[in-house]
Amino acid sequence: MTSAPADPRGLDLERLRGHLDRARPGLVSGALRGRLIEGGRSNLTYEITDGTARWVVRRPPLGHVLATAHDMRREHRVIEALHGTAVPVPEPLLLCEDDSVLGAPFYVMEYVDGVPYRTAEQLAAVGPERTRRAVLGLVDTLVELHAVEPQAVGLGDFGRPEGFLDRQLRRWGKQLAASRGRELAGIDELHGALGRRLPVSPAPTVVHGDFRLDNVLIGGPDDTIRAVLDWEMSTLGDPLTDLGLLVMYSSDLGLTGSPVSTTSGAPGHPTPAELVERYAARSGRDTGAIAWYTAFAWFKLAVILEGIHYRYTLGQTVGAGFDRIGELVPVFIEHGLTTLQDRQDRQDDRNRQDDQNRQEG
């Protein structure tokens, strides 16, 4: 006699099946099996199947949920709004806010076939031509997202774009304070410098908040973006925050064997400058302040990683690789400081040149 497969941690398959039968009668035709999809470092993602069809379940982490973070309703709302636009997202099937089912709110969406490329090694295996096509396609998808008119898809009240960058800095400062269990050299300096040099934002758009190659699924003969995933940080705000994050993830971390890696080392991978140039050309937006947005991305990721490290120290994480997250945080802080200083140095050079031109004139 064989025993039934164990439920993945955080996913009670019997309770889930009962809820699905009540909310979507006929959707499931057999006993459910499930597995945790590795790779995520925040909300938990599971693949479930009844042996015939497959779906995906998203739920918050098992502990230490910060205010406004891991909001299933927001994730579900934005993919529901974007489904049917030029932005590829999975079809949302249901949202459950009853904690008695899985112990936390969750939603279910369609399963989309595709590959989330997470490392330069994975991209190297597909070759430089396909790598370049996939990464440039990522930029084009970002342009499509930022072209969506929020009011037209029911997202006109999805956020408060006025003062967006200032609020973002304050929000991530609070997130840091809530997850801070150790001293982090330079992070307060970076936070303060970003606040003193806020750029003027362009017109607001829907922003993803965590836009990168391993948050999309790529598939088909043309390596197209088949689905954009992980919308937990989406809102209305400054679109260049998404571009800055993409630039950051296309930069070299200078680390080997890291659980958080960039894809920049893959043959054929476009340079950060190429990504910015393509975005600017296709969106028509001024990207002259991209260094600030990239430095902000380094800061935001440092805070996120510190939160993950904090949950790891409390034993509240699921999956592999969490034991090395803590050592990455100082690396992200240093990259942020360097990026912001490089921007300031270039601005100082331009100011000196302008002064010299005025004197000579």
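Which residues of H9 are buried? Keep in mind that this is a predicted model, and then look at Leu-275, Val-276, Tyr-279 and Ala-280, the buried residues of that helix. Viewed down the axis of H9, they fall within an arc of 130 degrees, so they line one face of the helix. Flip to the face turned away from that buried side and you meet Ala-273, Glu-277 and Ala-281, which are exposed.

What do the buried residues of H9 pack against? They pack against three helices: H5 (128–147), H8 (240–249) and H10 (290–313). The length of H9 works out too: with 12 residues (272–283) at 1.5 Å a residue, it should span 16 Å, and its end C-alpha atoms are indeed 16 Å apart. After the helix comes Gly-284, with a positive phi near 80 degrees.

Now move along to H10, one of the packing partners of H9. The same sort of length check applies here: 24 residues at 1.5 Å each should span 34 Å, and the end C-alpha atoms sit 35 Å apart, which agrees. H10 is mostly covered, with 21 of its 24 residues buried. Just past its end, Gly-315 has a positive phi as well, about 75 degrees.

That brings us to the nonpolar cores. The largest one has 81 residues, and Leu-194, Trp-231 and Phe-332 are the ones with the most contacts inside it. H10 supplies the largest share of this core, 14 residues. There's also a second core, separate from that one, with 19 residues, including Leu-32, Leu-44, Ile-48 and Leu-93.

Next, the sheet. Five strands form an open sheet in the order E1-E2-E3-E5-E4, and the pairing is antiparallel. At the edges you'll find E1 (33–36) and E4 (92–96), each pairing on one side only. Ignoring direction, neighbouring strands in this sheet are turned by 20 degrees against each other on average. For a detailed look, try E3 (residues 54–59) and E5 (residues 106–110): they pair in the antiparallel sense over four bridges. Val-56 stands opposite Met-109 of E5.

Which helices lie across these strands? H1 (residues 13–23) lies across E1, E2 (44–49), E3, E4 and E5, and runs at about 110 degrees to E4. H2 (residues 72–82) lies across E3, E4 and E5, running at about 160 degrees to E4.

Note on methods
Residues are numbered from 1 along each chain as its sequence is written. This is a predicted model: local features need pLDDT of at least 70, side-chain atom pairs count only at pLDDT 80 or more; totals for chains, interfaces and linings use all residues. Side-chain values use heavy atoms; hydrogens and water are left out. Helices (H or I, at least four residues) and strands (E, at least two) are DSSP runs, numbered from the N terminus. The expected span of a helix is 1.5 Å times one less than its number of residues. Buried means under 20% relative accessible area, exposed over 50%, partly exposed in between (1.4 Å probe, protein chains only). The arc is that of the directions from the helix axis to the C-beta atoms. Contact means heavy atoms within 4.5 Å. A nonpolar core is a set of buried Ala, Val, Leu, Ile, Met, Phe, Trp, Tyr and Cys residues joined through side-chain atoms within 4.5 Å. Two strands pair if DSSP finds at least two bridges between them. Axes are lines fitted to C-alpha atoms, for helices over the stretch in contact, and angles run from 0 to 180 degrees between N-to-C directions.
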